[in-house]
Amino acid sequence: MNEVEKIIWLEGLKNAVKFKGKANAKAVMGKLMRDMPELRTQGKEVKIKIFTIIKEINQLDQETQAKKALELDPHALDEKEKAGPEEKVLPELPGAENGKVVMRLAPYPSGALHVGNARMCVLNDEYVKRYNGKLLLVFDDTIGTTLEKINEPNAKYVIPEAYDLIPEGLDWLGVKYHETHYKSDRVEYHQKEAGNLIDRGEAYVCTCEAQVFRDEFKRPGKNCPCRSKDLEHHQELYDQMKSGKIGEGDAVVRLKTGMDQKDPAMRDHIIMRISDAPHPRIGTKVRLWPVLEWSWGLDDHFLGITHIIRGIDLKKEGEVEKYIWDLYGWKHSHISLYGRLKFGDEFKFSKTQARQNVRAGIYDGFGDPRTWSLQSLEARGIHPDSVRQSLIDLGMSNRGIEFDKNWIYSYNTKLIDADSNRYWFVENPKAVKILDIPMDKYVANPLLNPQFPEKGTRNVPMGINNHQCDVFMASADLDAVINHKGKVLYPAITEGQDIRFKDMFNVKIESIDENITARYLSSDKIQGIRKIQVVPELNNIPIKILQPDGIVTEGFGESNLRTLKPGTSVQFERYGYVKLRDISPNNIYGYFTN
């Protein structure tokens with residue numbers, strides 16, 4: 001047994017002793033990920049190991065569980081004074097003074113904020129609250145694509161609804177901002193200052209084709225012919241760019257950062273370009289737009305931003321800002337960079353794709369789980385504090401980290417568990433007929449929440465007729481249960497096998513074909529017997545659950561679900577947490593939570 005397995009065994013046994021012999025694998029997972037963050041990169045393997053060990057623990061009687069816990073740690077079951085979870089502390093901001101910190105969020109309003117954007121939002125919010133500072137929401141709504149390319153599939157542009165979606169997401173996340181600004185209100189100022197730099201000889205109008213400039217001048221570090229032309233030439237071209245005499249893509253304004261810059265990306269950087277695409281707020285009032293670095297360089301000074309936090313992938317943009325500040329002799333804002341979060345294939349973060357699918361009716365709006373937007377997390381029943389804390393745990397490390405959704409899920413389980421009552425659900429159901437039931441009526445009384453037995457029970461009538469009852473089980477429960485090492489924990493269900501229908505009674509499987517026949521055995525609990533979740537045929541309700549990967553789970557749920565209200569979060573036993581979106585007399589539609 002290695003060290004990680006020992007810790008899983010110990011925490012699982014302690015959890016089992018605490019909760020009457022039944023350890024909660026998700027609770028153990030959450031504790032392990034909190035206490036040993038270095039394991040987060042191995043989340044999938046650790047999860048399999050935890051569920052395998054917890055299954056073994058739950059097969060033991062409570063006396064054995066306690067004995068094994070004490071063998072691993074003589075003080076495992078000692079009563080300890082309760083303490084809160086270890087608090088993750090962010091490093092100090094350089095040069096920060098209490099009451100004088102001003103920071104900003106600068107989202108591009110092309111759609112809703114998603115979980116990938118949330119790190120920037122949370123970090124800024126945390127620091128502003130720490131230093132009693134001020135946080136500004138600055139819509140970075142300069143024009144995106146050109147009019148010529150506006151209808152291309154991957155075109156990036158501002159959409160009107162984003163001006164509401166972004167504040168909605170921030171409010172849900174608990175981010176408190178003090179002022180709202182729009183870059184589109186200041187484009188004429190950006191134009192004026194670009195003209196001033198041309199007059200000072202610090203910028204010029206370049207008419208080189210983009211590919212030619214890149215291949216013949218930028219990469220080898222040579223000046224293009226435009227750079228050396230006289231001031232009047234550049235002033236005239238600049239006026240033509242603003243008036244419409246020069247078309248999209250035919251000219252740009254470049255800052256003379258120097259063609260000898262070591263980093264090619266810094267060489268004579270573009271600061272203004274032409275787009276005739278209409279803007280949601282100002283229409284076609286202007287056609288000459290700043291690139292982000294130019295507007296940032298000016299507006300961060302204008303707004304009095306003292307500290308900037310952004311991803312390390314925007315390091316170059318910060319260097320351009322510093323160059324601009326030096327041109328004007330302005331004090332630099334402190335720039336702090338955090339490492340890039342890497343997201344696996346299960347995350348789909350394209351705002352463009354989400355926008356297209358929402359408008360095409362493929363998605364249920366921006367709250368659809370497949371968008372991974374903040375609206376979608378709320379719609380799924382994710383608690384905002386689970387997102388905040390999992391991102392704070394990452395701190396300000398500048399190394400790349402692969403994000404694991406289980407970081408959010410482990411926190412979320414703790415936050416929503418007490419309010420999420422349990423209900424029966426089986427996916428891909430298979431019919432089972434139970435014979436020889438020795439009673440005329442049977443009502444199961446499972447706990448609403450085994451973790452909180454004081455909440456009471458619910459009644460699930462079985463619908464016995466002539467000592468027979470029809471139920472449904474999940475098709476997957478017929479298969480063998482195999483752990484990650486290939487060990488068979490439970491063989492496939494076969495004819496003649498005794499199993500227990502959870503919270504009901506024991507049966508013997510008589511036949512397995514298109515449908516299954518079982519015969520009643522007893523109501524006594526039998527140690528080590530395989531347990532299967534079933535749903536009575538009586539008044540069951542069809543359920544569809546949309547997963548974040550787009551897969552739709554279908555099955556049957558117990559009759560009590562009909563009495564719930566849309567928006568209720570539940571836990572479907574042996575499946576997971578679900579937020580019920582639509583409830584009608586004939587079906588339920590929900591979003592998978594975790």
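**Exercise 1. A salt bridge within one helix**

Is aspartate 125 buried or exposed? Place its salt-bridge partner as well.

Solution. The model is a predicted one.
- Step 1: Aspartate 125 has a relative accessibility of 0%. Buried means under 20% relative accessible area, so aspartate 125 counts as buried.
- Step 2: The side chain of aspartate 125 forms a salt bridge with that of lysine 129, at 2.8 Å from N to O.
- Step 3: Helix 5 (residues 115-130) holds both aspartate 125 and lysine 129. They are four residues apart, which is about one turn of the helix.
- Step 4: Lysine 129 has a relative accessible area of 40% and is partly exposed. The pair therefore joins a buried aspartate 125 to a partly exposed lysine 129.

**Exercise 2. Salt bridges across the sequence**

Describe two salt bridges whose partners lie in separate elements, and say which parts of the chain they tie together.

Solution.
- Step 1: The salt bridges number 32.
- Step 2: In one of them, arginine 104 pairs with aspartate 300, with 2.9 Å between the closest N and O atoms. Arginine 104 belongs to strand 1 (residues 102-105) and aspartate 300 to helix 10, so the bridge ties together parts that are 196 residues apart in sequence. Both arginine 104 and aspartate 300 are buried.
- Step 3: Another joins the side chains of aspartate 185 and arginine 281, at 2.8 Å from N to O. Aspartate 185 is in the loop between strand 3 (179-182) and helix 7 (187-199), while arginine 281 is in the loop between strand 6 (270-274) and strand 7 (288-290), so this pair ties together parts 96 residues apart in sequence. Arginine 281 is partly exposed, at 34% relative accessible area.

**Exercise 3. Surroundings of two acidic residues**

Locate aspartate 299 and glutamate 573, decide whether each is buried, and list what each touches.

Solution.
- Step 1: Aspartate 299 sits in helix 10 (residues 292-302). Its relative accessibility is 1%, so aspartate 299 counts as buried.
- Step 2: Setting aside neighbours within four places in sequence, the contacts of aspartate 299 are Lys183, Arg186, Tyr189 and His190.
- Step 3: Glutamate 573 sits in the loop between strand 27 (569-572) and strand 28 (576-583). With a relative accessible area of 8%, glutamate 573 is buried.
- Step 4: With the same neighbours within four places left out, glutamate 573 contacts Arg422, Tyr423, Trp424, Phe425, Arg458, Lys502, Asp503 and Gln533.
- Step 5: Glutamate 573 and tyrosine 204 are 369 residues apart along the chain, with 67 Å between their C-alpha atoms.

**Exercise 4. Charged patches**

Which residues form the negative surface patch, and which form the positive one?

Solution.
- Step 1: The negative patch is made of Asp164, Glu168, Asp171 and Glu378. Helix 6 (residues 162-173) gives the largest share, three residues.
- Step 2: Aspartate 164 is in helix 6 and is exposed, at 53% relative accessible area.
- Step 3: The positive patch is made of Lys22, Lys525, Lys531 and Arg574. Lysine 22 lies in the loop between helix 1 (3-18) and helix 2 (25-35) and is partly exposed, at 40% relative accessible area.
- Step 4: Over the protein chain, the mean positions of the 85 positive and 86 negative charges are 2 Å apart.

**Exercise 5. Loop residues**

Find the loops that hold asparagine 466, asparagine 539 and leucine 394, and state the accessibility of each residue.

Solution.
- Step 1: Asparagine 466 has a positive phi, near 55°, although it is not glycine. Its loop runs between strand 16 (460-461) and strand 17 (469-474). At 63% relative accessible area, asparagine 466 is exposed.
- Step 2: Asparagine 539 also has a positive phi, near 60°. Its loop runs between strand 24 (534-536) and strand 25 (541-546). At 48% relative accessible area, asparagine 539 is partly exposed.
- Step 3: Leucine 394 is in the loop between helix 14 (384-392) and strand 11 (401-402). At 9% relative accessibility, leucine 394 is buried.
- Step 4: From leucine 394 to glycine 339 the C-alpha distance is 9.4 Å, with their positions 55 residues apart in sequence.

Key:
Residues numbered from 1 in each chain as written. Predicted model: local features only at pLDDT ≥ 70, side-chain atom pairs only at ≥ 80, totals over all residues. Heavy atoms only, no water. Patch = residues over 30% accessible without salt bridge, like charges linked within 9 Å, V, L, I, M, F, W, Y side chains within 5 Å. Areas by Shrake-Rupley, 256 points an atom, 1.4 Å probe, with all protein chains shown as cover. Salt bridge = Lys/Arg side-chain N within 4 Å of Asp/Glu carboxyl O. Lys, Arg positive; Asp, Glu negative; His and termini not counted. Charge placed at Lys NZ, Arg CZ, Asp CG, Glu CD. Helix = DSSP H or I, 4+ residues; strand = E, 2+ residues; numbered from the N terminus. Buried < 20%, exposed > 50% of the residue type's maximum accessible area, 1.4 Å probe, protein only. Contact = heavy atoms within 4.5 Å.
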